[in-house]
Amino acid sequence: MIVNEVMKPIAKLIIALAIPVAIGAIAGSFTATSVNGWFTSLIKPDFNPPNWLFAPVWTTLYIMMGFSSFMVWNSKKKGKQKNKALGIYMIQLLFNFLWSFIFFYAQEPGWALVDIILMWMLILITILQFGKISSTAAWLLVPYICWVSFAAILNFAIWKLN
């Protein structure tokens with residue numbers, strides 16, 4: 001019985017980490033094909049970070065997102081509030097995935113800008129919903145919304161310059 005009680009949270013943690021990391025890896029495959037091609041041809045603003053920076057930043061953020069969602073999923077709270085928070089989290093993950101596809105694969109920075117603005121709003125709602133369940137879970141998403149804020153500004157600048 002004790003083993004089952006220990007294994008259940010461990011299984012939840014593995015799943016919670018695997019979901020955003022897998023989404024990031026799949027989205028990264030869209031990115032990788034364009035970074036050395038189409039993306040290099042774009043005019044970028046002076047504040048554009050070096051390409052090597054994106055993978056470690058996103059990997060760190062996806063891991064933090066996984067821990068955050070685990071804290072909410074594993075919380076003792078039950079019912080609608082927890083389900084709503086995790087549902088919004090999953091929707092923002094979808095928008096996160098779609099951004100890479102739209103920007104890099106479809107090569108549509110304008111439509112990607114629309115997506116990232118919606119994603120930013122969904123991240124904010126996720127933070128607020130997670131905060132009702134776990135303040136630590138909410139704070140773990142603050143670096144994510146900060147990075148997405150920067151990415152939105154960068155996306156806008158690239159769209160405007162090209």
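Author: Contact here means heavy atoms within 4.5 Å, and the model in front of you is a predicted one. With that cut-off, and leaving aside its neighbours within four places in sequence, Phe 103 is in contact with Trp 38, Phe 39, Leu 42, Glu 108, Pro 109, Ala 112, Asn 155 and Ile 158.

Reader: Asn 155 is among those contacts of Phe 103, so why does Asn 155 count as buried?

Author: The relative accessibility of Asn 155 is 1%, and buried means under 20% relative accessible area, so Asn 155 counts as buried. Asn 155 lies in helix α7, and, apart from its neighbours within four places in sequence, Asn 155 is in contact with Trp 99, Phe 103, Pro 109, Ala 112, Leu 113 and Ile 116.

Reader: What makes the length of α7 agree with the span that is expected at 1.5 Å a residue?

Author: The expected span is 1.5 Å times one less than the number of residues, which for the 20 residues of α7 should be 28 Å; the end C-alpha atoms are 29 Å apart, and therefore the two values agree. The buried residues of this helix include Tyr 144, Trp 147, Asn 155 and Ile 158, and what covers the buried residues of α7 includes α2, α3, α4 and α5.

Reader: How do you know what span to expect for α3?

Author: The same kind of reasoning serves here. α3 has 20 residues, and its first and last C-alpha atoms are 28 Å apart, close to the 28 Å expected at 1.5 Å a residue. Among the buried residues of α3 are Trp 58, Tyr 62, Ser 69 and Phe 70.

Reader: Why is Ser 69 called buried?

Author: Ser 69 has a relative accessibility of 5%, and since buried means under 20%, Ser 69 counts as buried. Ser 69 is found in helix α3, where, not counting residues up to four places away in sequence, it touches Ala 16, Leu 86, Tyr 89 and Phe 130.

Reader: Which residues have the most contacts inside the largest nonpolar core?

Author: That core has 37 residues, and Phe 103, Ile 116, Phe 130 and Tyr 144 are those with the most contacts inside it. At least two residues of this core come from each of α2, α3, α4, α5, α6 and α7. In soluble globular proteins, nonpolar side chains tend to be buried together.

Reader: Which residues make the nonpolar surface patch of about 740 Å²?

Author: The patch is made by Trp 111, Val 114, Ile 117, Leu 118, Trp 120, Met 121, Leu 124 and Leu 128.

Reader: Why is Ile 117, one of the residues of this patch, called partly exposed?

Author: Partly exposed lies between the 20% limit for buried and the 50% limit for exposed, and Ile 117 has a relative accessibility of 45%, so it counts as partly exposed. Ile 117 is found in helix α5 (residues 109-131).

Reader: What makes Ala 22 and Gln 107 partly exposed?

Author: The relative accessible area of Ala 22 is 36% and that of Gln 107 is 35%, and because buried means under 20% and exposed means over 50%, both are partly exposed. Ala 22 has its place in helix α1 (residues 2-35), whereas Gln 107 is found in the loop between α4 and α5. Gln 107 also has a positive phi of about 55 degrees, although it is not a glycine.

Definitions and conventions: Residues numbered from 1 in each chain as written. Predicted model: local features only at pLDDT ≥ 70, side-chain atom pairs only at ≥ 80, totals over all residues. Heavy atoms only, no water. Helix = DSSP H or I, 4+ residues; strand = E, 2+ residues; numbered from the N terminus. Buried < 20%, exposed > 50% of the residue type's maximum accessible area, 1.4 Å probe, protein only. Patch = residues over 30% accessible without salt bridge, like charges linked within 9 Å, V, L, I, M, F, W, Y side chains within 5 Å. Areas by Shrake-Rupley, 256 points an atom, 1.4 Å probe, with all protein chains shown as cover. Salt bridge = Lys/Arg side-chain N within 4 Å of Asp/Glu carboxyl O. Core = buried A, V, L, I, M, F, W, Y, C linked by side-chain atoms within 4.5 Å.
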